[in-house]
Amino acid sequence: LPLDVHKGFMVTKKLLQKSAKLMCPFRGMLLLTSNCEDVAVTMQSMATTNCDFQVLEVPNAVWNVKGSLAQLTQRARRWIEMGGTRAVGQGWSQVGLLPPIGWSETEVKCRLEQKTV
């Protein structure tokens, strides 16, 4: 788990900056996904704040987060308690953006267990 809302993530500013530099000549896009809300929010923040990536409009954007804290994972509750930002707004899709052939192993597992990705 991350140490706080700013430290302890595998994706780094340096990695995202290199990705942006490599993709820029080709107008490339980067799809960031995670089944951990804190990881997804942090990656998006780093990518848009430090690396000139832009958030794209997505179908079925998340505009509010419903449900009690009891329904969340311990990790998600801890993230919220630390003051972490929620994955809400443009760029956060309620549905997967890739066809099944493009799903990661984690995404397949989450879908089989009917968990949000």
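In which helix do Glu107 and Arg111 both lie, and how many residues apart are they? Both residues belong to helix H4, at a separation of four residues, about one turn of the helix. Their side chains meet in a salt bridge, with a distance of 2.8 Å from N to O. The two partners differ in their cover: Glu107 counts as buried at 7% relative accessibility, whereas Arg111, at 31%, counts as partly exposed. These values, like those that follow, were computed from a predicted model.

The overall architecture is considered next. The secondary structure of the protein consists of four helices and two strands. Along the sequence, these elements follow the pattern α-α-β-α-β-α. The radius of gyration is 15 Å, close to the 13 Å given by the globule rule for 117 residues, so the protein is as compact as a globular protein of that length. Taken along the principal axes, the box filled by the C-alpha atoms is roughly 45 × 35 × 25 Å. Of the 117 residues, 28% count as buried. The accessible surface comes to about 8,700 Å², and carbon and sulfur atoms account for 55% of this area. Among contacts between residues at least 6 apart in sequence, 75% join residues that are at least 24 apart.

Helix H2 comprises residues 37–50. At 1.5 Å a residue, its 14 residues should span 20 Å, and this expectation agrees with the 20 Å found between its end C-alpha atoms. The expected span is calculated from one less than the number of residues. The helix is mostly covered, with 10 of its 14 residues buried. The buried residues include Glu37 and Asp38 as well as Val39, Ala40, Val41 and Thr42. Met43, Gln44, Met46 and Ala47 are also among the buried residues of H2. Three elements receive the packing of these buried residues: helix H1 (13–23), helix H3 (74–81) and strand E2 (89–93). Just after H2, Asp52 adopts a positive phi of about 65°.

Salt bridges also involve residues of H2. The count for the protein comes to four salt bridges. In one of them, Arg86 is paired with Glu37, and the closest N and O atoms are 2.9 Å apart. This pair links distant parts of the chain, since Arg86 is placed in the loop between H3 and E2 and Glu37 in helix H2, 49 residues apart. Glu37 has a relative accessible area of 18% and is therefore buried, the limit for this class being under 20%. Arg86, with a relative accessible area of 25%, is partly exposed.

A further salt bridge joins the side chains of Asp38 and Arg75, at 2.8 Å from N to O. Here too distant parts of the chain are linked: Asp38 lies in helix H2 and Arg75 in helix H3, with their positions 37 residues apart in the numbering. Asp38 counts as buried, at 2% relative accessibility, while Arg75 is partly exposed, with a relative accessible area of 25%.

The loops contribute further features. Leu56 is placed in the loop between H2 and strand E1 (61–62). With a relative accessible area of 47%, Leu56 is partly exposed. When residues up to four places away in sequence are not counted, Leu56 touches Met29, Gln90 and Gly91. Leu56 and Gln90 are 34 residues apart in sequence, and their C-alpha atoms are 7.3 Å apart in space.

A nonpolar surface patch was also identified. Leu31, Leu97 and Leu98 make up this patch, which covers about 250 Å². Of these residues, Leu98 is found in the loop between E2 and helix H4 (105–112). Leu98 is partly exposed, with a relative accessible area of 37%, and therefore passes the requirement of over 30% that applies to residues of a patch.

Notes:
Residues are numbered from 1 along each chain as its sequence is written. This is a predicted model: local features need pLDDT of at least 70, side-chain atom pairs count only at pLDDT 80 or more; totals for chains, interfaces and linings use all residues. Side-chain values use heavy atoms; hydrogens and water are left out. Buried means under 20% relative accessible area, exposed over 50%, partly exposed in between (1.4 Å probe, protein chains only). Contact means heavy atoms within 4.5 Å. Patches are made of residues with over 30% relative accessible area and no salt bridge: like charges are joined within 9 Å, nonpolar side chains (Val, Leu, Ile, Met, Phe, Trp, Tyr) within 5 Å. Accessible areas come from the Shrake-Rupley method with a 1.4 Å probe; for residues, only the protein chains shown count as cover. The radius of gyration is taken over C-alpha atoms; the globule rule is 2.2 Å times the number of residues to the power 0.38.
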